[in-house]
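Here are two short exercises to try with the structure open beside you. Have a go at each task before reading its solution.

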Amino acid sequence: MSGGVTEIVTVDIGGTHARFALAQIAADGAITLDEPETLNTSDHASFQTAWEDFRKRKGGSLPSAVTMAVAGPVKHDLIRFTNNPWIIRPPLIEEKLGCTHFTIVNDFAAVAHAAARAPNEQFLHLAGPEEDLPAFGTISVVGPGTGLGVAHFYRDEDGSYRVQATEGGHGDYAPLDSIEDAILARLRKRHNRVSDERVVSGPAIVDIYQTLAALEHRSIDPDLDDRAIWTRGTTNKDSLASAAVDRFCLALGSVAGDIALAQGASGVVIAGGLGYRIRDTLLASGFADRFAAKGRFAGMMANMPVKLIVHPQPGLFGAAAAFAREHSK
(Lines give C-alpha, C1' and ligand atoms only; values in the text may rest on other atoms or scores of the structure.)
Protein backbone atom coordinates (compact mmCIF):
# COMPACT_ATOMS: atom_id res chain seq x y z
CA MET A 1 0.00 0.00 0.00
CA SER A 2 1.13 3.50 -0.80
CA GLY A 3 -1.11 6.46 0.02
CA GLY A 4 -4.20 4.25 -0.14
CA VAL A 5 -3.18 2.78 -3.50
CA THR A 6 -2.43 -0.92 -3.98
CA GLU A 7 0.01 -1.78 -6.76
CA ILE A 8 -0.26 -5.17 -8.44
CA VAL A 9 0.77 -7.06 -11.54
CA THR A 10 -2.22 -8.07 -13.66
CA VAL A 11 -1.86 -10.84 -16.25
CA ASP A 12 -4.19 -12.18 -18.92
CA ILE A 13 -3.02 -15.55 -20.26
CA GLY A 14 -4.67 -16.97 -23.36
CA GLY A 15 -3.75 -19.63 -25.86
CA THR A 16 -1.61 -17.37 -28.05
CA HIS A 17 -0.65 -14.37 -25.92
CA ALA A 18 0.12 -13.49 -22.31
CA ARG A 19 -0.56 -9.84 -21.53
CA PHE A 20 1.09 -8.20 -18.53
CA ALA A 21 0.55 -4.79 -16.97
CA LEU A 22 1.09 -2.94 -13.74
CA ALA A 23 -2.15 -1.79 -12.12
CA GLN A 24 -3.05 0.57 -9.32
CA ILE A 25 -6.16 0.04 -7.21
CA ALA A 26 -7.31 3.15 -5.35
CA ALA A 27 -8.97 3.08 -1.94
CA ASP A 28 -12.36 3.62 -3.60
CA GLY A 29 -11.79 0.62 -5.91
CA ALA A 30 -10.96 2.63 -9.05
CA ILE A 31 -8.47 0.78 -11.26
CA THR A 32 -5.74 2.30 -13.43
CA LEU A 33 -3.68 0.21 -15.86
CA ASP A 34 -0.22 1.05 -17.12
CA GLU A 35 0.71 0.34 -20.73
CA PRO A 36 0.48 -3.46 -21.21
CA GLU A 37 3.19 -5.75 -22.59
CA THR A 38 2.11 -8.61 -24.86
CA LEU A 39 4.27 -11.76 -24.97
CA ASN A 40 3.76 -14.77 -27.24
CA THR A 41 3.15 -17.91 -25.18
CA SER A 42 5.05 -19.92 -27.80
CA ASP A 43 8.18 -17.84 -27.11
CA HIS A 44 8.37 -18.92 -23.46
CA ALA A 45 8.74 -22.37 -21.97
CA SER A 46 6.62 -21.54 -18.94
CA PHE A 47 4.69 -18.81 -17.19
CA GLN A 48 7.64 -18.26 -14.87
CA THR A 49 10.03 -17.49 -17.74
CA ALA A 50 7.46 -15.09 -19.20
CA TRP A 51 7.15 -13.46 -15.76
CA GLU A 52 10.92 -13.07 -15.60
CA ASP A 53 10.91 -11.50 -19.08
CA PHE A 54 8.28 -8.97 -17.98
CA ARG A 55 10.17 -8.25 -14.74
CA LYS A 56 13.32 -7.53 -16.76
CA ARG A 57 11.35 -5.16 -19.00
CA LYS A 58 10.19 -3.31 -15.87
CA GLY A 59 13.69 -2.78 -14.54
CA GLY A 60 14.11 -5.92 -12.47
CA SER A 61 11.45 -5.55 -9.77
CA LEU A 62 7.68 -5.99 -9.55
CA PRO A 63 4.96 -5.52 -6.89
CA SER A 64 4.45 -8.39 -4.45
CA ALA A 65 0.86 -8.96 -5.55
CA VAL A 66 -0.39 -10.56 -8.76
CA THR A 67 -3.75 -11.32 -10.32
CA MET A 68 -4.08 -13.74 -13.23
CA ALA A 69 -6.81 -14.43 -15.74
CA VAL A 70 -6.18 -17.91 -17.13
CA ALA A 71 -7.68 -19.63 -20.19
CA GLY A 72 -8.89 -22.80 -18.51
CA PRO A 73 -10.52 -24.15 -15.35
CA VAL A 74 -9.13 -22.66 -12.11
CA LYS A 75 -8.01 -25.34 -9.66
CA HIS A 76 -6.27 -24.95 -6.32
CA ASP A 77 -3.38 -27.33 -6.94
CA LEU A 78 -2.61 -27.35 -10.67
CA ILE A 79 -3.87 -25.17 -13.53
CA ARG A 80 -3.56 -26.42 -17.10
CA PHE A 81 -4.36 -24.21 -20.04
CA THR A 82 -6.83 -25.25 -22.72
CA ASN A 83 -4.82 -24.00 -25.70
CA ASN A 84 -1.20 -23.68 -24.56
CA PRO A 85 1.20 -26.05 -22.76
CA TRP A 86 1.92 -23.92 -19.68
CA ILE A 87 0.96 -25.02 -16.17
CA ILE A 88 0.66 -23.00 -12.97
CA ARG A 89 0.86 -24.42 -9.43
CA PRO A 90 -0.92 -21.96 -7.12
CA PRO A 91 0.74 -23.32 -3.92
CA LEU A 92 4.13 -22.35 -5.38
CA ILE A 93 3.29 -18.82 -6.52
CA GLU A 94 4.82 -17.11 -3.49
CA GLU A 95 8.03 -19.14 -3.82
CA LYS A 96 8.36 -18.88 -7.61
CA LEU A 97 7.19 -15.30 -8.17
CA GLY A 98 7.88 -13.66 -4.83
CA CYS A 99 4.23 -12.60 -4.46
CA THR A 100 2.56 -12.60 -1.05
CA HIS A 101 -0.97 -11.91 -2.36
CA PHE A 102 -2.55 -13.35 -5.49
CA THR A 103 -5.86 -13.94 -7.23
CA ILE A 104 -6.50 -16.40 -10.06
CA VAL A 105 -9.68 -16.32 -12.13
CA ASN A 106 -10.82 -17.89 -15.37
CA ASP A 107 -10.06 -15.57 -18.29
CA PHE A 108 -13.69 -15.06 -19.12
CA ALA A 109 -14.62 -14.58 -15.51
CA ALA A 110 -12.16 -11.67 -15.69
CA VAL A 111 -13.87 -10.36 -18.83
CA ALA A 112 -17.20 -10.65 -17.02
CA HIS A 113 -15.77 -8.52 -14.18
CA ALA A 114 -14.75 -5.96 -16.79
CA ALA A 115 -18.17 -6.01 -18.45
CA ALA A 116 -19.88 -5.60 -15.07
CA ARG A 117 -17.79 -2.52 -14.26
CA ALA A 118 -17.35 -0.88 -17.67
CA PRO A 119 -19.29 2.37 -18.28
CA ASN A 120 -21.98 2.40 -20.96
CA GLU A 121 -19.77 4.30 -23.42
CA GLN A 122 -17.40 1.30 -23.57
CA PHE A 123 -20.06 -0.84 -25.30
CA LEU A 124 -20.99 -0.92 -28.97
CA HIS A 125 -24.54 -1.94 -29.89
CA LEU A 126 -24.76 -5.15 -31.96
CA ALA A 127 -28.33 -6.44 -31.80
CA GLY A 128 -31.67 -6.06 -30.08
CA PRO A 129 -32.98 -2.78 -28.70
CA GLU A 130 -30.54 0.13 -28.58
CA GLU A 131 -30.58 0.48 -24.82
CA ASP A 132 -28.11 -0.03 -21.99
CA LEU A 133 -27.51 -3.46 -20.53
CA PRO A 134 -30.08 -4.27 -17.82
CA ALA A 135 -29.40 -2.85 -14.36
CA PHE A 136 -30.16 -6.22 -12.78
CA GLY A 137 -30.37 -9.85 -13.87
CA THR A 138 -28.00 -12.18 -15.72
CA ILE A 139 -25.68 -10.94 -18.46
CA SER A 140 -23.97 -13.58 -20.65
CA VAL A 141 -20.41 -12.90 -21.79
CA VAL A 142 -19.20 -14.69 -24.94
CA GLY A 143 -15.83 -14.23 -26.59
CA PRO A 144 -14.29 -15.90 -29.63
CA GLY A 145 -10.50 -15.90 -29.71
CA THR A 146 -8.01 -18.75 -29.77
CA GLY A 147 -10.87 -20.64 -28.15
CA LEU A 148 -14.42 -19.69 -27.18
CA GLY A 149 -14.77 -18.13 -23.74
CA VAL A 150 -18.09 -18.08 -21.89
CA ALA A 151 -19.04 -16.63 -18.52
CA HIS A 152 -21.88 -14.64 -16.99
CA PHE A 153 -22.51 -12.19 -14.19
CA TYR A 154 -25.60 -11.46 -12.15
CA ARG A 155 -26.43 -7.89 -11.19
CA ASP A 156 -28.38 -7.39 -7.97
CA GLU A 157 -30.77 -4.50 -7.58
CA ASP A 158 -28.42 -2.88 -5.04
CA GLY A 159 -25.76 -2.45 -7.74
CA SER A 160 -23.51 -5.33 -6.66
CA TYR A 161 -22.68 -8.23 -8.97
CA ARG A 162 -21.51 -11.83 -8.91
CA VAL A 163 -19.45 -13.55 -11.62
CA GLN A 164 -19.66 -17.21 -12.68
CA ALA A 165 -17.00 -18.77 -14.89
CA THR A 166 -18.14 -21.57 -17.21
CA GLU A 167 -16.82 -23.85 -19.94
CA GLY A 168 -19.85 -23.15 -22.11
CA GLY A 169 -17.71 -22.86 -25.23
CA HIS A 170 -17.33 -26.64 -25.15
CA GLY A 171 -21.02 -27.40 -25.61
CA ASP A 172 -22.05 -29.45 -28.65
CA TYR A 173 -22.19 -27.55 -31.93
CA ALA A 174 -25.60 -27.55 -33.66
CA PRO A 175 -25.72 -26.75 -37.40
CA LEU A 176 -28.72 -24.90 -38.79
CA ASP A 177 -28.42 -25.42 -42.55
CA SER A 178 -26.76 -27.59 -45.20
CA ILE A 179 -23.55 -25.53 -45.27
CA GLU A 180 -23.13 -25.90 -41.53
CA ASP A 181 -23.93 -29.61 -41.93
CA ALA A 182 -20.93 -29.76 -44.28
CA ILE A 183 -18.71 -27.90 -41.80
CA LEU A 184 -19.75 -30.34 -39.08
CA ALA A 185 -19.08 -33.35 -41.35
CA ARG A 186 -15.60 -32.05 -42.10
CA LEU A 187 -14.80 -31.56 -38.42
CA ARG A 188 -16.14 -34.99 -37.49
CA LYS A 189 -13.43 -36.57 -39.59
CA ARG A 190 -10.92 -35.32 -36.99
CA HIS A 191 -13.01 -35.06 -33.81
CA ASN A 192 -15.39 -37.60 -32.33
CA ARG A 193 -17.26 -34.73 -30.72
CA VAL A 194 -17.50 -31.27 -32.27
CA SER A 195 -17.91 -28.44 -29.78
CA ASP A 196 -18.97 -24.85 -30.43
CA GLU A 197 -15.34 -23.82 -30.07
CA ARG A 198 -14.40 -25.87 -33.16
CA VAL A 199 -16.58 -23.55 -35.27
CA VAL A 200 -16.72 -20.28 -33.31
CA SER A 201 -13.08 -19.37 -32.66
CA GLY A 202 -10.31 -17.66 -34.54
CA PRO A 203 -8.58 -20.82 -35.84
CA ALA A 204 -11.95 -22.30 -36.91
CA ILE A 205 -12.06 -19.97 -39.91
CA VAL A 206 -9.68 -22.40 -41.68
CA ASP A 207 -12.20 -25.25 -41.59
CA ILE A 208 -15.03 -22.94 -42.59
CA TYR A 209 -12.99 -21.61 -45.54
CA GLN A 210 -11.90 -25.06 -46.69
CA THR A 211 -15.47 -26.40 -46.43
CA LEU A 212 -16.79 -23.59 -48.62
CA ALA A 213 -14.01 -24.23 -51.13
CA ALA A 214 -14.91 -27.94 -51.27
CA LEU A 215 -18.61 -27.14 -51.78
CA GLU A 216 -17.69 -24.92 -54.76
CA HIS A 217 -15.03 -27.34 -56.03
CA ARG A 218 -12.44 -24.57 -55.81
CA SER A 219 -8.71 -25.14 -55.71
CA ILE A 220 -7.16 -23.24 -52.79
CA ASP A 221 -3.84 -23.09 -50.97
CA PRO A 222 -4.24 -25.78 -48.25
CA ASP A 223 -1.56 -24.10 -46.14
CA LEU A 224 -3.38 -20.77 -45.86
CA ASP A 225 -3.56 -20.07 -42.11
CA ASP A 226 -6.28 -18.43 -40.05
CA ARG A 227 -4.63 -15.01 -39.91
CA ALA A 228 -4.35 -14.85 -43.68
CA ILE A 229 -7.99 -15.89 -44.13
CA TRP A 230 -9.23 -13.33 -41.58
CA THR A 231 -7.20 -10.62 -43.30
CA ARG A 232 -8.47 -11.54 -46.76
CA GLY A 233 -12.03 -11.94 -45.54
CA THR A 234 -12.27 -8.64 -43.67
CA THR A 235 -10.62 -6.59 -46.43
CA ASN A 236 -12.74 -8.07 -49.25
CA LYS A 237 -9.63 -9.25 -51.11
CA ASP A 238 -10.94 -12.81 -51.40
CA SER A 239 -14.65 -13.47 -51.94
CA LEU A 240 -14.41 -16.98 -50.53
CA ALA A 241 -12.67 -15.71 -47.38
CA SER A 242 -15.34 -13.01 -47.05
CA ALA A 243 -18.00 -15.73 -47.28
CA ALA A 244 -16.19 -17.68 -44.56
CA VAL A 245 -16.16 -14.63 -42.28
CA ASP A 246 -19.89 -14.09 -42.91
CA ARG A 247 -20.54 -17.74 -42.08
CA PHE A 248 -18.52 -17.35 -38.86
CA CYS A 249 -20.71 -14.38 -37.88
CA LEU A 250 -23.84 -16.47 -38.42
CA ALA A 251 -22.47 -19.27 -36.25
CA LEU A 252 -21.44 -16.81 -33.52
CA GLY A 253 -24.97 -15.39 -33.48
CA SER A 254 -26.47 -18.87 -33.12
CA VAL A 255 -24.11 -19.91 -30.34
CA ALA A 256 -24.46 -16.63 -28.43
CA GLY A 257 -28.23 -17.01 -28.55
CA ASP A 258 -28.03 -20.59 -27.27
CA ILE A 259 -25.83 -19.49 -24.38
CA ALA A 260 -28.18 -16.65 -23.47
CA LEU A 261 -31.11 -19.09 -23.39
CA ALA A 262 -29.18 -21.60 -21.28
CA GLN A 263 -28.07 -18.96 -18.77
CA GLY A 264 -31.42 -17.18 -18.50
CA ALA A 265 -29.81 -13.95 -19.66
CA SER A 266 -31.46 -10.58 -20.11
CA GLY A 267 -28.48 -9.19 -22.04
CA VAL A 268 -25.34 -10.39 -23.81
CA VAL A 269 -21.81 -9.03 -24.14
CA ILE A 270 -19.55 -10.16 -26.97
CA ALA A 271 -15.91 -9.80 -25.94
CA GLY A 272 -12.41 -10.63 -27.09
CA GLY A 273 -10.00 -9.10 -29.57
CA LEU A 274 -11.46 -11.01 -32.52
CA GLY A 275 -14.95 -9.65 -31.91
CA TYR A 276 -13.59 -6.11 -31.80
CA ARG A 277 -11.56 -6.55 -34.99
CA ILE A 278 -14.57 -7.76 -36.98
CA ARG A 279 -17.11 -5.39 -35.38
CA ASP A 280 -18.06 -3.73 -38.66
CA THR A 281 -18.52 -7.12 -40.30
CA LEU A 282 -20.65 -8.33 -37.37
CA LEU A 283 -22.93 -5.31 -37.69
CA ALA A 284 -23.44 -5.90 -41.42
CA SER A 285 -23.81 -9.68 -41.14
CA GLY A 286 -26.68 -11.97 -40.21
CA PHE A 287 -25.43 -12.17 -36.61
CA ALA A 288 -28.50 -10.43 -35.15
CA ASP A 289 -30.98 -12.56 -37.13
CA ARG A 290 -29.26 -15.79 -36.07
CA PHE A 291 -29.09 -14.65 -32.45
CA ALA A 292 -32.86 -14.18 -32.40
CA ALA A 293 -33.75 -17.27 -34.48
CA LYS A 294 -34.87 -19.41 -31.53
CA GLY A 295 -38.30 -20.58 -32.62
CA ARG A 296 -40.95 -19.86 -29.99
CA PHE A 297 -38.50 -17.57 -28.16
CA ALA A 298 -37.63 -15.43 -31.20
CA GLY A 299 -39.57 -12.44 -29.88
CA MET A 300 -37.86 -12.56 -26.50
CA MET A 301 -34.43 -12.88 -28.12
CA ALA A 302 -35.05 -9.99 -30.52
CA ASN A 303 -35.77 -7.78 -27.49
CA MET A 304 -32.53 -8.66 -25.71
CA PRO A 305 -29.70 -6.09 -25.97
CA VAL A 306 -26.44 -7.49 -27.34
CA LYS A 307 -23.31 -5.38 -26.92
CA LEU A 308 -19.65 -5.55 -27.90
CA ILE A 309 -17.28 -4.41 -25.16
CA VAL A 310 -14.66 -2.04 -26.54
CA HIS A 311 -12.47 -1.67 -23.45
CA PRO A 312 -8.91 -2.05 -24.82
CA GLN A 313 -7.83 -4.61 -22.19
CA PRO A 314 -10.89 -6.22 -20.56
CA GLY A 315 -8.93 -9.27 -19.36
CA LEU A 316 -6.30 -7.21 -17.55
CA PHE A 317 -8.86 -4.76 -16.16
CA GLY A 318 -11.19 -7.56 -15.08
CA ALA A 319 -8.41 -9.54 -13.39
CA ALA A 320 -7.51 -6.43 -11.40
CA ALA A 321 -11.20 -5.97 -10.50
CA ALA A 322 -11.35 -9.59 -9.27
CA PHE A 323 -8.25 -8.98 -7.11
CA ALA A 324 -9.83 -5.82 -5.66
CA ARG A 325 -13.03 -7.69 -4.75
CA GLU A 326 -11.21 -10.63 -3.17
CA HIS A 327 -8.69 -8.67 -1.14
CA SER A 328 -11.03 -5.92 0.03
CA LYS A 329 -13.14 -8.42 1.97
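**Exercise 1: two helices in contact**

In this predicted model, helix α6 (residues 226–234) packs against helix α7 (residues 239–263) at an angle of about 95 degrees, and their axes are 7 Å apart. Work out how to describe that angle, then find which residues make the contact.

*Solution.*

Step 1. Angles from 65 to 115 degrees count as roughly perpendicular, so α6 is roughly perpendicular to α7.

Step 2. Now look at who touches whom. On the α6 side you'll find Ile-229, Trp-230, Arg-232, Gly-233 and Thr-234, while α7 brings in Ala-241, Ser-242, Val-245 and Phe-248.

Step 3. Sort them by class: the contact of α6 with α7 has five nonpolar residues, three polar ones and one charged one.

**Exercise 2: a strand and its neighbours**

Take strand β5 (residues 65–70) and decide whether its residues are buried or exposed. Then find which strands pair with β5, and in what sense.

*Solution.*

Step 1. Buried means under 20% relative accessible area. Six of the six residues of β5 are buried, so the strand is largely enclosed by the rest of the structure.

Step 2. Check each side. In a regular strand, side chains alternate between the two faces of the sheet. For β5, Ala-65, Thr-67 and Ala-69 are buried on one side, and Val-66, Met-68 and Val-70 are buried on the other, so both faces are covered.

Step 3. Now the neighbours. Strand β1 (residues 6–13) pairs with β5 in the parallel sense over five bridges, and Ile-13 stands opposite Val-70.

Step 4. Strand β8 (residues 101–106) also runs parallel to β5, joined to it by six bridges. Here Val-70 stands opposite Asn-106.

Terms used
Residues numbered from 1 in each chain as written. Predicted model: local features only at pLDDT ≥ 70, side-chain atom pairs only at ≥ 80, totals over all residues. Heavy atoms only, no water. Axes fitted to C-alpha atoms, helices over the stretch in contact; angles between N-to-C directions. Helix = DSSP H or I, 4+ residues; strand = E, 2+ residues; numbered from the N terminus. Parallel < 35°, antiparallel > 145°, perpendicular 65-115°, else oblique. Contact = heavy atoms within 4.5 Å. Nonpolar A, V, L, I, M, F, W, Y, C, P; charged D, E, K, R; others polar. Buried < 20%, exposed > 50% of the residue type's maximum accessible area, 1.4 Å probe, protein only. Pairing = 2+ DSSP bridges.
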